[in-house]
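Here are my notes on the model you sent over. I've put them as numbered points so you can follow along with the structure open.

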Amino acid sequence: MTQAKPFSIPKREVWEAFKRVKANHGAAGVDGQSIEGFEARLSAHLYKLWNRLSSGSYMPKPVRKVDIPKAEGGTRPLGIPTVEDRIAQEVARRTLEPILEPVFHRDSYGYRPGRSALDAIRTARQRCWRYDWVLDIDIKGFFDTLDHELLLRALRHHSDNAWILLYVERWLKAPVMLDNGELVERDRGTPQGGVISPLLSNLFLHYAFDSWMQREMPGVPFERYADDIICHCRSEGEARALWRRLESRLLDCGLELHPRKTKVVYCKDTNRKRDFNGVCFDFLGYRFQPRLAKWRGGLFGVSFLPAAKPTALADIRRAVRHWGLQRRSDKSLLDLARMFNRIIRGWIGYYGQFYKSALYSTLLKIDAHLLRWAARKYKRFRQRPRQARAWLAAVRRAQPDLFVHWRFVYGNG
């Protein structure tokens, strides 16, 4: 008679978790195994993983550390689990999310079903019109300093599932492997890049911040996307008092406000004319600041609005340069459109939602590179840039949907 496993984990859950991990792609972990390599012996690998998860013998491998450059300089450390560990974390995430999701605050937007960064930006924009002041919060090294015991205490409050509690603790304590092969033990933090890390970070900040704000500062609305947080205040005094109280609250939770990046901002516009040093903040790839806008009745004035931030636009221009369009003279214009429209559509879909004109000049850099491509492909344009521009304009008028940014920038004209 086969002995029952100590943990009841349906095999179907492991299969569904693999499909999700495969769809998200991702790099190999410390074992060097890719998703394709894992899939080559899929049945054997999934059965082995299920067996170890169900028996309690599953132990995660170390997390591979990768440093990702940040737009504002420096790097952000990512922790890449192995494919097997990502699947195991996805099994746990699928089990935990339905339990935790109803608990989370309505103004928590990060990594939650049915919510997005654009939702957070839209809400922040509306509240900046109603509230004169913002406290822009930056938590110093949040994912690296998260307190394990406080997180596990919060998790136990919502789940008594033994295998969930066992494996979450093992994932939190899994060491990090550096490029030189050195293993670094961890007693704090959860690696960015882990499948379950966003859910765990939301749980931690739900108690460290969201529910505390709802209890202690009910008149101060906020938007939180993971550890990116904006609070709306009625006065400078209220914003600075919140700063002091939050500093103390987060220290009690093992976290620290970044002293230089946390700041008070005045939402200056035509009707709010006070002089103040800070009149802009960045949130989720957008910069909020006073901008010229067209009001009702055809009047123009200054409104406090979000637009794609300069570093995001610089990243787009850098990506376009890396395409090397001028070197692709073996391709047709249609080929180029098919190759890059998906990426351009993504930029427009995100950065073109608010104050879209801020994106125009950056997207027009694509056309500048197309002119160089035309000069290399067609001899008649090599010393005649004016003719090349006229030719590209004629193509644009005849096929306005060939490149997705054309109609976005030029409209129907």
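**Notes on the model**

1. Let me start with a strand pairing: β3 and β8 (residues 263-266) run antiparallel and are joined by four bridges. Leu135 is a good place to look, since its bridge partner in β8 is Val264. Bear in mind as you read on that this is a predicted model.

2. β3 also has a partner in β7, again antiparallel, this time over six bridges. Leu135 turns up here too, with Cys231 as its bridge partner in β7. As for β3 itself, the strand covers residues 133-138 and is mostly covered, with five of the six residues buried.

3. While you're on β7, have a look at His232, which sits in that strand (residues 228-233). Is His232 buried or exposed? The relative accessible area comes out at 0%, so His232 counts as buried, the cut-off being under 20%. Its side chain does have a polar partner: there is a polar contact with the side chain of Glu223, at 2.8 Å.

4. Now for the overall picture. The chain has 413 residues, and 47% of them count as buried. Its secondary structure adds up to 15 helices and eleven strands. If you want a feel for the dimensions, the C-alpha trace spans about 80 × 60 × 40 Å along its principal axes.

5. Next, a separate piece of sheet. β9, β10 and β11 form an open sheet of three strands in that order, with antiparallel pairing. β9 (281-283) and β11 (300-308) are the edge strands; each has a single partner, so one side of each has no neighbour in the sheet. On average, neighbouring strands here are turned by 50° against each other, direction ignored. As a reminder for reading such pictures, strands of a sheet pair through backbone hydrogen bonds, either parallel or antiparallel.

6. Taking the two pairings in turn: three bridges hold β9 to β10 (residues 286-294), and Asp282 has Arg287 as its bridge partner in β10. Between β10 and β11 there are nine bridges, one of them linking Gln289 to Leu305 in β11. β10 and β11 make a hairpin with five residues between the strands, and Gly297 in the turn has a positive phi of about 80°. Although β11 is an edge strand, it is mostly covered, with seven of its nine residues buried.

7. For contrast, try a loop residue. Arg327 lies between α11 (310-323) and α12 (333-351). How exposed is Arg327? Its relative accessible area is 56%, so it falls in the exposed class, which begins over 50%. From Arg327 to Gly285 is 42 residues in sequence and 31 Å in space, C-alpha to C-alpha.

8. On to the empty space inside. How many cavities of 30 Å³ or more does the structure hold? There is one, and the largest cavity has a volume of about 90 Å³. Its lining takes in 16 residues, and those nearest the centre are Val63, Pro81, Gln89, Trp171 and Pro191. Three helices each give at least two residues to that lining: α4 (83-100), α8 (162-173) and α9 (197-216). Sorted by class, the lining has ten nonpolar, four polar and two charged residues.

9. Last, an open site: the second largest pocket, with about 270 Å³ of space. Which residues lie nearest its centre? They are Lys65, Pro77, Asp144, Val176 and Arg186, out of 18 lining residues. β1 (63-69), β2 (75-80) and α6 (142-145) each contribute at least two residues to the lining, and β2 gives the most, with three. The make-up of this pocket's lining is eight nonpolar, four polar and six charged residues.

Methods: Residues are numbered from 1 along each chain as its sequence is written. This is a predicted model: local features need pLDDT of at least 70, side-chain atom pairs count only at pLDDT 80 or more; totals for chains, interfaces and linings use all residues. Side-chain values use heavy atoms; hydrogens and water are left out. On a 1 Å grid over the protein atoms alone, a cavity is a set of points where a 1.4 Å probe fits but cannot get out, and a pocket is an open set with protein on both sides within 12 Å along at least five of seven lines; lining residues have an atom within 4 Å of a point. Grid points are joined across faces, edges and corners, and a volume is the space filled by probe spheres set on the points. Ala, Val, Leu, Ile, Met, Phe, Trp, Tyr, Cys and Pro count as nonpolar, Asp, Glu, Lys and Arg as charged, and the others, Gly among them, as polar. Two strands pair if DSSP finds at least two bridges between them. Axes are lines fitted to C-alpha atoms, for helices over the stretch in contact, and angles run from 0 to 180 degrees between N-to-C directions. Buried means under 20% relative accessible area, exposed over 50%, partly exposed in between (1.4 Å probe, protein chains only). A polar contact is a pair of N or O atoms within 3.5 Å; within protein, one must be able to donate a hydrogen and the other to accept it, and residues adjacent in sequence count only if both atoms are side-chain atoms.
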